[in-house]
Structures are given as C-alpha cells and as structure tokens.
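Please read the following walk through the structure with the model open beside it. It starts with the enclosed spaces and then turns to cores, helices and single residues.

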Amino acid sequence: MPDLGLDTALLARSLAGIASAFRTKKDPVVLIESAKILEDLCAQQLVAKKYESIYLAMTGMSFDIAGEGPRSRKAYTMMQGTILPMESIFNNSEYLARTYTKVISDFGLRDLSSLQHEASDFFRVLQRLQSANQFGLSSDNEDNRIVLLGIVDLLLRYKEAVIEKDPSKFGELSQAIEDLQQIAKESDADPWISMLARLSCMVISSAMNRSILRLPLSNQVVERLVELKRIELWPTQLEVINEGLLDGKKLLICTNTATGKTFLSSLVASTASRERKVAYVGPTRSLVEEVGDKMKDLLSKTGKTVAVSTREHPESDAILNDADIIVATYEKFGSIVKKNLIDSAVIGSLIVDEVHKMSEDERGIPLEFILTRFKELNGKGPQLVALSGMVNDSDVVGFSDWLDAKYVKKNWRPVDLEETIYCNGVLWKKNGVKTPTHMISAPGSDQMKRIVITARFVQEEMMKDGQCLIISLSRTKVESIAQEICDILRSSETFLPDIGEIRNKDETLRKKLIDEIANTEPELPLYARNLIELVKFGVSYHHAGLPLRYRNIIENGVRNKAIRALVATTTLEAGVNLPFSMVIFPFPQERRGMFKGRLPVASYRNLAGRAGRPDFDSKGTSVLIALTNYEAEQLSSFYFESGEEQLKSAMTKFVKSVPQTRYAVQSEILGLLDMTDRSKADIIEYMKKLWFWKSAEDEYKQKLSDRLSWEIMKLHKFDFLDEKAGKLSLKPTGRLATHSMLYPFSIKNLVDNCKKIADGNFQGDQFDILVLSLAGIPKEMRTYYEIMKDVKILKDAGIVKQTIKQDSSIMEKYDDTELAANFATVLWYWINSYETEKIIELTGLRKTDAAFIEESLREDAYWVLSTVTPISESIVRMKASQRKRIRELAKFCKLGCSDPMTVGLMEMGLPHMGRNTAIKLGKFLKAKRKTLSELQKTDLETLFPNNKTSTDLLYDEIKELLRTSQNSVKR
C-alpha cells in the first residue's frame, strides 16, 4: 500500500482490520470499527485530498459488507464529489477517472439506473478513444486496468440480476467473484486497486446473501423496491426473515428506533389478500398514517388495497371487508372488531407496533385485549408480529412465550448515539465523562432558562448544518415553545452572523415550504399563518392536533432541511422517521397532561434514538437539560444507569384503581359481553389469559376478582348490563358504549344530560349551546382542560352550568362536566363563523391555541356529537326535530360554520375550500347576489389578492365540479 497521505498508527489499525476480513469470515465488528476509523479521518479532513476518494470507497464498502446500509450511503455520497487517482492508468483521462468513481458510488447508493448510464458512458468513451488511436495504453498499467474493469463487470452483473429479478444469476455471479478475487491476488495491480477489488467481491457476496430476490415477493413488489433502492436487507431484518416472518411464524421483534421495523411490516403486508388480510395496529395517528402511506407506495403496482382507519378517516370503515390490508390505531382497531365491521377470522397476520405501550395507562389495556383475543382466536389464531424498540431482556423470553412466538432482540443502530445531560455549562456524558461547554444561560423563570438553553443548542447545530428535535410532553406548550425559540433565533442574527448566513443558504428551501403551506387554500387558517411565521426562521412544531396535510408538509420540510428545529410531542416517538442530528429534552420531568411523572425510560430511548441522520451523520446526540446538579444526577440515574423498564401490564394499575385503567377495563368488559353473554366467573377466567396473569405478582392476581366484581357492579348499577340466570348481557346503553369508542361513563354522562336537554323546553340558541356543551364532558376530552380552563364564558352559556351535571352517585374523582360551558362557548363562536383571532380575543385563549380551535376541537366535537345522534329511543327519547338539530350541530362543528351558503361551499369537498375561504366566498356571493356558476376568476382574484396559485386552483376545482354536475344531470 503506498503512502495515502496519513502515516499513523490509527490508519494502520484500520487497514489491518480491513485486511483481516480478506483472510477470515469473522464477526463484522472488526470491519465496522475499521470503517469508523476511516470515516472519522475523512470527517476531520485528516487525509490528503488526492487519496480521499480511496478512503471513502474503503469506508463505504466496509460498511456495505457488514450490511450497514445507512452508514455506507454517507461515504458513497461523499465519494461522488471526488475522483479516484487512476488518471495515469488511462493515460491521464480525468473524465474516465471521474466517471469510474461515479460508477462505484452509484452502485454503493444502489442507484442502478445511474450505474448503467455511467458504466455505458465509461465504456463508450474508452472504446471511442481507443478506436481513434488517441488512447494508447501502456503495458505498465495492464494489470491495473484488468482489475478495475473486472470490478465494473462484477457490479453490472449484480445489477442485471436485480433488474431482471433473477436470483438464478447468483450462481454465475459467485463464479465471477472467485475469478476476480484470484486475479486481484495474483496480479501486479497497485495495492489500493487490489484492495478495492477484493472489497467489491465481498460487497457483492454480502449483497447476494441479503438480496430481496431471495424473498417470496411478487415481481411488482421487487420492481418497486428496486426503484426505492431497497435492494438488500439490513442484518437485523435478515435475521427476522430467517426466523420465518414471511412464512407465517409468530415473532416478537425488539430492535432500536429507525432499524427498519416498518419496512418489515410492509413486506408482511405484501402477502395479504382479501381472504387472508394483514392488519397493522399502532399507537398514534401519525404513525398509522405514515405506515399506511408506505404500504400503499410499496404495493402501488400490485393492485392490493390498503384501508387506513382512524378518526380522521371514518370513510375507510365502509371498505374494510374489501381491503387487503387494514391499518389502524389500537383504539380504532378494537372498535372495528367490537362492531364486527370485519370478520376476525379473515385476519391472517396481525402486526402490533410499539407493543411496550402495554404498560401505559391509556393505551395498554386495549392493546393487551387485542393481543389476547387474536392469539386465542380459533385455537391457534393468526400470525402475530409484535414490534418494539424496547422490551426488557428479562421480559422478552416470558412475553414471547405468552405470545407463543420466537423473538429477535438486537441492539443495532444505523447511526451511533451519544447521550448527554447539560447542566450549568457542563455536558455529562453517559460514559461518565464531563465536558465543559461555552453554552450560556440567561436570567428568568426556570421555563425560560430551559428554552434559552435549548435555543443555544439549536444555534450550535445549525452552524454545524444539523437539525434538532425538541420534545415537550405537553401539546399545549409545543407551539409556544416553537414561537419562543423562533424569537430567540430572530434576535440572535444581529450578534451571531453565522445564523443569518445559514438562513440565507436555506432560503430557497424555506420559500418552497412556505409556498406549499400558503397554497393549501386562498384564505389560510390562523395556525397555517402561524406556521409560516415560524418556518421563515427554520422552526416548526408537530403534534397530533395538526391536520394531516400540514403534518405531511412539515415532515417533508424536515427531510429536505428547510426545518432546522422541530418542537414536537411524543407522537414522534413511534415511526415517522425524520432526520435529526440532535434530540433535546428541555422539560424531561414536566407534567404529562393530567398525569405527573417523568417520561418513561422506553419513551426517552425511542425519542433519543431519533438523533443521527443516516447519510449525513456519523453519530447523533441527545441532550437532557437540567438546571441543578441534583436534577442532573436524578436524570443520569433514571435514564442512563437504569435498565429498560419491565413490560408490566397496565392491569396492575387497574387493580390499584387508577382511573384511566378502570375506564378501559370497563370498556373491555362490555366488549366481551358484546360477543356473547358470560358469567362473572367467565370474565375472570378470560382475564387469566392476559399477559397480566403471566407477568404480575401474586398480590395483584389475588385482588383482580374483587376489582372486577366492583366494576361489574357499577356497570350493572348504571344500566350498562343486565344479569339473568347468572349470565351477564348488554343492555342498549352498554351496546352504545361498546360501539362508540368512548368510555362507558363518558356515555353515562352524555346519556344523562341528553335526557335533560331532550326533556327540557329549550329552544333556539339555548338548545344549541346545551348540545354543544356535550362535546366537553367525555373523559376523553380532559386532555384539553389545560387549554380550556380559563375560557371567558359566553353570557348565554350560563344555562349550561344550571343544566349539565354529573350524577354524584358515580363517585368519580373528577367532575367531567365542570368545563362543559367553556367548550360550548368556543364551539358556539366557531359554528357561527367567527374568525379564529376573534374567538381568541373573546375567550382569552392564546394565539398558539389556533390549531386546537381549528382542528382538534372541531374533530373531537364532531366525534362526540355524532355519537349522541344515533342514541336509540330506548335510551333517550328525543323529538325528531331535536335529533335532526343535533346531527346538524355535529356537522357545523366539523365544518366550522352554520350559514347555509357557507355549509354548501364546504360540503363540496374541494381541496382548496377551507373554512375561512368558504366563509369569505359565501359572504361575497350573497353580497353580489351571484351563484357559483356566475363566478369569474377575476372575482376570486379580487377576493383573495395575496394567494394567486391557490386561488387559480380553487377556481379550476369549482368549474370542474360544475361541469361534472351538469354532465351528470344530462345523463
């Protein structure tokens, strides 16, 4: 090996590690560590520029051999800007050297179409120069040329096998590998060329072993995977496949964040049919939407259908039986099963993501019952695939045994992670090292100190071309934190000119993102305008209350680096793989909605694992912010030194009478009775099939019977179920609760107060306000109490406090009707077409509550009132006019208006016709006494002068709808 520009012991160790891989097929750890050394040398620019391309090629290929795709892509990407030092081999042709380098990097990136183009170009130019006698080749370099051309031939052979979807070519390829290895070994080629050849042979061998061509996939799926450049499996994915994932075997898969579990789910989905459906269930709507989109993309050429069923997609429920794949949240899937919208027997594979959520109060119990139901179904049940980023080592064996599944648990990460705590100018690293920093805090409240420190970290990462994810456990704080960070970045440009330079560099990307937000409709909602102001400074926020279309826009903005700082709730804990170099926890011990306590270790590690951008970073960094040494020690002990939390069943909290778990178990009891009448003893026996019974301590098991008896007694007392001859059965109220996705005592409150409204002599606004107040009384709406508690009550909403009450005999800790008037006030303004700014002014809400008003509240109010509308006469006797009005009010909540003209515009369903646009257009049409068919483009341009693109799109949509309607009438 010649001097490559850095004669150090570190270099020697790296090259020795790579060379050892030629002699033995040991564990790839040595190869990976060797590649990391080379990667670090390149990153620190400690190599001679002339030989940088060789280092990068060796780095990429070494990672590639070990199956470290994300790390190899970074090296190959960097290699594209370099030239292998081979000009002299081809008589000083820089063009051929550059093209050859591109061939190697294109293969590394699995860009097969570019590989073919560059290779063809290389051979075409080479042949032309030789034919024109302009390219005399000296015999001195003959061996070098033979080996270099042999490498290209090998890469093209692999490309042909993949493009033709023909694994039988692997036999010929194996022989070609042996031939090239022998040539490289025996030739007099330069050592670096010989090493490159031998690495290429190992890369192709590894690629064949991990190739998707070896999987039982359809040609259409393989074709799409090639387009997506997902041609080989990562090592953990290969192990899961080898354990029988695509053969119907039950599996528990425990690997870190961003290790390709969603990809494995999509492969299982590719095996689906209408007779043997695949169901995927996850904890959040964001994750479910992302997985649904990825499955649709992968299966786009197969004809298989994917139904994404969430509260945002109720229309999907009608097509579940015709779909091949069902993607839903835990709660929605449980409701689908309870309503018998699908036959459980046709579920061939059930994929349960983030299965460690079984320990959570709110989601754990529905998830545990789903697993129990399906693992017991028809004796053997469908294939169960449980996915998790965290399951305690001691629980993996027991839990997989309970599932009757094999398990795969790996600690592999695509990018290294450095975990730290910041406290008073010092970084406490997980390995015990404490490093001083120049970070400066600021005076003010504890909250402001944490935000200022966070902003300083954001500034540092921006100057390193990085991106930050900032976690808040409170949805109500996310937008305000984003605004405060944005304000700090704006003001810092005057004394940190580098920040301004970075903003200028990103300006084109941000402008494109702003245009995308602005072009969603002519008259933007307030939260969209707020987003635009944040995006101007590379900041945004993300939570479940942000509409799907805007979440997608923001996520794409993070992917293309227009967004440098994203403040988010824990919705990003699961799925939604976005590129961040740093994850910051400013408030690691803040209150979580109604619940106190730290972020669980599993959630912290999942979120911290988001740090590190494949293709960009060698490592990611997570930072927990502490204000005192005592707090830092607490955080270190809890998050760094403790092991993974046990996979405890949330049923243990039910036995302790924790409210949320009690409500969930009440729902599950009713769900069991909806399937068949059972005795109390039957229900207790069913509970013994739960993970709880296998994992809980004896003291909890002994208390289960008494706890269940108490809940059954309450359900019986409040008219949810009946008992005859020792068998429990559902009454109409119980069946309503089972099918509603609301907790039973949320239904109890709704039913009681519906009766009061229906029986009272309420007319006009009084009736409307009372009905609107119902939206605020389900227990599920308590998550919004922090926002709603200080709302200034509408004068006419006084009737709510007089009428809407909670039955005191329920004896619950909270009065769920206490803020009903607050909800009624905001909703009354909303349906009466008040602008959001005016609603905020009148109610005392904050500007950062805009997304709550314009999206979260309207969706949930529609959900609750839509549950009220179909209540049967046997439960609540209502006049037909009352029932009709409740149905209308539910619709008005969803649309944000009650004016007939505006409602009509909104119901057209046009993509660019939002609430604000419809209200403004409706007023215009009334004032001008025009119909839609008389509307001119100039009218819209005058009405919406600041948003021409979306105005033009809206005009085209209106005209197309009118044309289609006219044609329909003619037919």
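Which residues line the largest cavity? In this predicted model, its wall is formed by Arg475, Thr476, Glu479, His543, Gly545, Ile787, Arg846, Thr848, Asp849, Ala851, Phe852 and Ser856. Two elements, α18 (475-492) and α37 (850-868), give two or more residues to this lining. Sorted by class, the lining holds three nonpolar, five polar and four charged residues. The volume of the largest cavity is about 60 Å³, and the count of cavities of 30 Å³ or more comes to three.

Pockets, unlike cavities, are open. The second largest pocket holds about 1,500 Å³ of space. Its lining is made of 50 residues, and Arg73, Arg230, Trp234, Lys294 and Asn577 are the ones that lie nearest the centre. At least two lining residues come from each of α4 (69-79), α12 (261-269) and α13 (285-298). By class, 18 of the lining residues are nonpolar, 14 are polar and 18 are charged.

Next come the nonpolar cores. In soluble globular proteins, nonpolar side chains tend to be buried together. The largest nonpolar core here has 189 residues, and the members that touch the most others are Met651, Met687, Val800 and Leu921. Leu921 can serve as an example: leaving out residues up to four places away in sequence, Leu921 touches Leu905, Met913, Leu932, Leu935, Leu940, Leu943, Phe944 and Ile958. Another core lies apart from the largest one and has 103 residues, including Met58, Leu96, Ile204 and Val278.

A charged residue can also be followed into the interior. Glu668 belongs to helix α26 (residues 659-675). With a relative accessible area of 9%, Glu668 falls under the 20% limit and is therefore buried. Its contacts, apart from neighbours within four places in sequence, are Lys338, Ile365, Pro366 and Phe369.

Two helices show how span and surroundings can be read. Helix α35 (residues 820-831) has 12 residues and covers 16 Å from its first C-alpha to its last, close to the 16 Å expected at 1.5 Å a residue. Because 12 of its 12 residues are buried, α35 is largely enclosed by the rest of the structure. Among these buried residues are Asn822, Phe823, Thr825, Trp828, Tyr829 and Trp830. Helix α7 (residues 142-163) has 22 residues, and its C-alpha span from first to last is 31 Å, close to the 32 Å expected at 1.5 Å a residue.

What sign does phi have at the residues that follow these helices? After α35 comes Ser833, with a positive phi near 65°. Just after α7, Lys165 also has a positive phi, of about 55°. Most residues other than glycine have a negative phi.

Two loop residues belong with this group. Arg110 is not a glycine, yet its phi is positive, at about 55°. Arg110 is placed in the loop between α5 (94-108) and α6 (112-131). Asp404, likewise not a glycine, has a positive phi of about 60° and sits in the loop between α16 (393-403) and β7 (406-409).

Is each of these two loop residues buried or exposed? Arg110 is buried, with a relative accessible area of 5%, whereas Asp404 counts as exposed at 59% relative accessibility.

How values were computed
Residues numbered from 1 in each chain as written. Predicted model: local features only at pLDDT ≥ 70, side-chain atom pairs only at ≥ 80, totals over all residues. Heavy atoms only, no water. Core = buried A, V, L, I, M, F, W, Y, C linked by side-chain atoms within 4.5 Å. Buried < 20%, exposed > 50% of the residue type's maximum accessible area, 1.4 Å probe, protein only. Contact = heavy atoms within 4.5 Å. Helix = DSSP H or I, 4+ residues; strand = E, 2+ residues; numbered from the N terminus. Expected span 1.5 Å × (residues − 1). 1 Å grid on protein atoms, 1.4 Å probe; cavity = no way out; pocket = protein on both sides within 12 Å on 5 of 7 lines; lining within 4 Å. Points joined across faces, edges and corners; volume = space filled by probe spheres on them. Nonpolar A, V, L, I, M, F, W, Y, C, P; charged D, E, K, R; others polar.
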